[in-house]
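Work through the exercises below with the sequence and the structure at hand. Try each task before reading its solution.

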Amino acid sequence: MKRTIKKIAVLGSGVMGSRIACHFAGIGLQVLLLDIVPKEAVASTKPAERNKIVNDALAAAIKSNPSPVFTKEVVKKITTGNFDDNMKEIASCDWVIEVVVERLDIKQQVFEKVEQYRKPGTLITSNTSGIPIHMMAEGRSEDFKKHFCGTHFFNPPRYLRLLEIIPTPYTDPAIVDFLMSYGDLYLGKTTVLCKDTPAFIANRIGVFGIMAIFNSMEKLGLSIDEVDALTGPIIGRPKSATFRTADVVGIDTLVKVAKGVADNCPNDEAKAIFNIPAWLDKMVANNWLGDKTGQGFFKKTKGPAGEKEILTLNLQTLEYGPRNKPKFATVEAAKPIDDLKTRLKALCTGMDKAGDFYRQFHYALFSYISHRIPEISDELYRVDDAMMAGFGWEIGAFESWDVLGVAKTTEQMKKAGYAVAPWIDDMIAKGNSSFYKVENGKKLCYVPASGTYVSAIAGGKENAFIVMRNFENSTVWKNSACRTYHLGEDVLGLEWYTKMGSIGGEVLEGVQKSIALAEEKYKGLVIANEGQNFSAGANVGMIFMLAIEQDYDEIDMAIRMFQQSIMRIRYSSIPVVVAPHGLALGGACEMSLHADKVIAAAETYTGLVEVGIGVIPGGAGTKEFVLRAADEMHEGEPDTITLQNRFLSIATAKVATSAQEAFGLGIYRKGTDEVSMNLSRRIATGKQAVIDLFDAGYTMPVPRKEIKVLGRSALGAMHAGINGMWRAGFATDHDVTVAKKLAYVMCGGDLSEPTLVSEQYLLDLEREAFLSLSSEKKTLERIQSVLKSGRPVRN
């Protein structure tokens with residue numbers, strides 16, 4: 001049976017329910033969002049009063065930051081109502097998701113109502129984070145049970161990629177397969193098949209990790225600030241580290257999951273770790289539950305001068321005090337190491353308190369995950385997938401064990417008193433030295449039950465998930481910043497691994513060389529990378545150094561090289577597809593603007609932000625916006641309107657907050673560029689796009705020579721607007737200088753009448769403006785400020 005999802009019902013509009021509704025609306029579905037009638041409105045006949053809970057919850061979700069939707073327009077797809085008046089409308093829905101309070105009796109009451117109205121064959125799932133799925137299905141009809149399972153989203157649903165699928169013994173396997181596939185393809189999730197065990201996979205391992213950290217910090221005498229300094233990005237974890245994460249999730253939630261494991265897992269060898277410390281019980285009693293109550297491990301307050309201040313809880317005294325920035329020799333020595341795997345090795349060999357902590361933490365984690373196979377999962381990779389997608393880990397637990405050396409670390413663990421499951425010893429005895437290995441570009445994972453390796457991608461979908469670094473043995477060319485791989489089927493892939501994905505001379509060399517190689521004997525090129533972000537833009541540090549030295553000839557050469565490299569993406573004899581994700585700012589945006597096709601991850605944040613450092617886009621971005629504005633000019637409407645909109649996008653450094661929004665800003669092209677909901681699919685989709693373009697008889701475009709520029713007729717209007725912003729106090733003198741340079745380029749110069757010009761003409765104007773602005777004192781100050789902050793360029 002072919003199953004199509006057109007409309008879903010979300011039952012429960014709390015934090016999770018309202019945001020799940022938003023995410024489904026974001027992918028284009030009609031959504032029915034229902035909740036209870038307020039007690040005070042039970043006798044009312046007015047929909048506004050009876051739907052107050054659901055309407056208020058949805059309004060709060062839409063206003064929340066970060067936004068739960070890709071674009072505000074999708075909210076129109078959500079219809080609200082209540083359980084009493086509108087439950088009958090679920091008969092028109094293809095999927096009903098229950099997201100009510102975490103009480104079995106209440107959930108069962110809701111399902112009883114659902115059973116009255118749902119049509120046979122409708123999917124029915126629960127978003128519970130811990131109630132056994134099979135218990136919720138008890139007493140329901142055969143058709144209900146067949147189409148029922150757990151679908152556990154993580155908060156916030158738009159951003160956290162994990163979706164745990166938990167079937168019951170009654171669930172039709174075809175339903176499980178459908179949900180695994182739908183979550184991956186349409187919702188952009190890493191779908192992980194879980195057994196119906198307490199806390200499933202991610203929360204079981206994640207909460208163990210937090211409780212084990214609580215245990216270690218008491219043994220080692222570490223403070224909250226010290227632990228968060230040790231457990232954040234330095235080890236590939238989110239910036240929220242341990243205690244900030246607990247405050248965001250809710251300390252009561254953490255305690256509830258921990259108690260659930262302790263109470264319901266009598267055979268868990270580490271269940272003592274889940275015992276709640278006295279200080280944690282006291283925090284719950286005090287209602288210090290984190291962000292939801294205004295204080296938890298941290299508390300926001302105001303200092304003597306009214307400035308915002310964050311205080312940290314002292315777990316010995318349960319009093320708040322000023323935060324401190326701890327330093328450890330091991331951490332300081334490891335900070336300069338960019339490669340996470342190399343950095344982990346260095347951290348775990350440290351000889352100070354930090355090194356002791358890292359060894360205790362990893363030994364406890366490795367011991368625990370070894371004993372959870374096959375209890376919570378038969379496959380190791382599902383554990384790693386769950387932790388990376390649900391808790392934001394950059395590297396999975398079993399993969400971390402591989403990095404530190406399985407046999408060596410296991411021996412060290414035993415000496416330190418940490419036991420491993422028997423299958424670990426068996427694996428080592430059989431001569432297997434790692435949990436994962438790569439063969440022919442495919443990632444394989446060890447299976448304890450058989451002692452063999454199988455694909456680490458579920459469902460035989462290996463070709464849909466390309467990881468470039470898995471093709472290291474197929475490297476065609478490399479330099480110290482990037483590599484070009486043969487991805488198979490005569491398609492090349494270029495990736496780079498600079499800090500924040502910054503684009504410097506070596507990356508540009510990689511672009512030029514990869515295109516040249518593809519033109520020689522391949523079908524085309526995919527440009528992408530596996531970093532946290534595609535790229536935060538050009539290497540402004542290099543520009544700063546050259547400007548300080550007043551070496552303007554070198555700056556001129558650097559801009560020319562950048563422009564030439566970007567234009568090579570547009571004008572080559574082979575198709576070039578760019579597959580960005582995360583930040584794709586400045587020069588990275590310019591790459592996308594010139595690609596034959598863009599396959600952007602849904603969570604791509606892109607824009608031309610160069611005015612943030614006091615220059616204009618100098619890598620053909622300004623030129624391309626002028627070209628597109630000329631193509632978009634319509635008869636019957638002033639030519640200046642389209643150009644002014646493009647001008648404002650650059651002048652205000654507008655950044656699309658999603659790939660979908662980038663279409664509205666004119667960065668991505670409707671009908672040409674695509675969005676990959678699943679981040680992990682974008683490179684494989686890009687590869688197929690190259691093949692399709694090549695097979696369709698790809699022909700190199702002809703450089704444009706008939707671009708209409710407006711000259712003085714638009715320049716005067718732009719200057720008037722710029723001066724108005726300055727007089728109103730919205731722009732500084734330097735902002736005015738930058739904006740007028742930008743206007744000059746985008747109008748084609750001080751031309752007396754509209755004129756047709758070439759791309760090269762505009763590139764020359766763009767380069768000259770960039771060069772002149774790079775000598776401005778204020779520009780150098782802005783660049784220096786950005787370099788000191790370590791943050792991406794923003795206006």
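**Exercise 1.** Find the residue in β13 that stands opposite Glu-439, then place the two strands in their sheet.

Solution. The model is a predicted one.
- Step 1: The residue of β13 opposite Glu-439 is Lys-442.
- Step 2: Four bridges pair β12 with β13, which covers residues 442-447, and the sense is antiparallel.
- Step 3: The sheet is open, has three strands in the order β12-β13-β14, and pairs them antiparallel.
- Step 4: β12 (436-439) and β14 (452-455) each have a single partner strand, so they are the edges, and one side of each has no neighbour in the sheet.
- Step 5: With direction ignored, neighbouring strands of this sheet are turned against each other by 40 degrees on average.

**Exercise 2.** Describe how β9 and β10 are joined, and name the bridge partner of Lys-300 in β10.

Solution.
- Step 1: β9 spans residues 298-302 and β10 spans residues 308-314; the two run antiparallel and share five bridges.
- Step 2: Across these strands, Lys-300 has Ile-310 as its bridge partner.
- Step 3: The two strands form a hairpin, with five residues between them.
- Step 4: In the turn, Gly-306 has a positive phi of about 85 degrees.

**Exercise 3.** Classify the aromatic pair formed by Tyr-446 and Tyr-453, and list the cluster that contains both rings.

Solution.
- Step 1: The structure holds 31 aromatic pairs.
- Step 2: In one of them, Tyr-446 and Tyr-453 have ring centres 5.4 Å apart and planes at 65 degrees.
- Step 3: Planes over 60 degrees apart count as edge-to-face, and this pair is therefore edge-to-face.
- Step 4: Tyr-446 and Tyr-453 are both buried.
- Step 5: Ring pairs link these two tyrosines with Phe-366, Phe-398, Trp-401, Trp-423 and Phe-435 into a cluster.

**Exercise 4.** Which ring faces do Arg-3 and Arg-237 lie over, and at what distance from the ring centre?

Solution.
- Step 1: Arg-3 lies over the face of Phe-178, 5.9 Å from the ring centre.
- Step 2: For Arg-237 the ring is that of Trp-393, and the distance to its centre is 3.6 Å.

**Exercise 5.** Is Asn-203 buried or exposed, and which residues does Asn-203 touch?

Solution.
- Step 1: Asn-203 belongs to helix α9, residues 202-220.
- Step 2: The relative accessible area of Asn-203 is 12%; the cut-off for buried is under 20%, so Asn-203 is buried.
- Step 3: Leaving out residues up to four places away in sequence, Asn-203 touches Ser-129, His-152, Phe-154, Phe-208, Val-257 and Phe-391.

Definitions and conventions:
Residues are numbered from 1 along each chain as its sequence is written. This is a predicted model: local features need pLDDT of at least 70, side-chain atom pairs count only at pLDDT 80 or more; totals for chains, interfaces and linings use all residues. Side-chain values use heavy atoms; hydrogens and water are left out. Two strands pair if DSSP finds at least two bridges between them. Rings of Phe, Tyr and Trp (its six-membered ring) pair if their centres lie within 6.5 Å; planes under 30 degrees apart count as stacked, over 60 as edge-to-face and the rest as tilted. Buried means under 20% relative accessible area, exposed over 50%, partly exposed in between (1.4 Å probe, protein chains only). A charge sits over a ring if NZ of Lys or CZ of Arg is within 6 Å of the ring centre and within 35 degrees of the ring normal. Axes are lines fitted to C-alpha atoms, for helices over the stretch in contact, and angles run from 0 to 180 degrees between N-to-C directions. Contact means heavy atoms within 4.5 Å.
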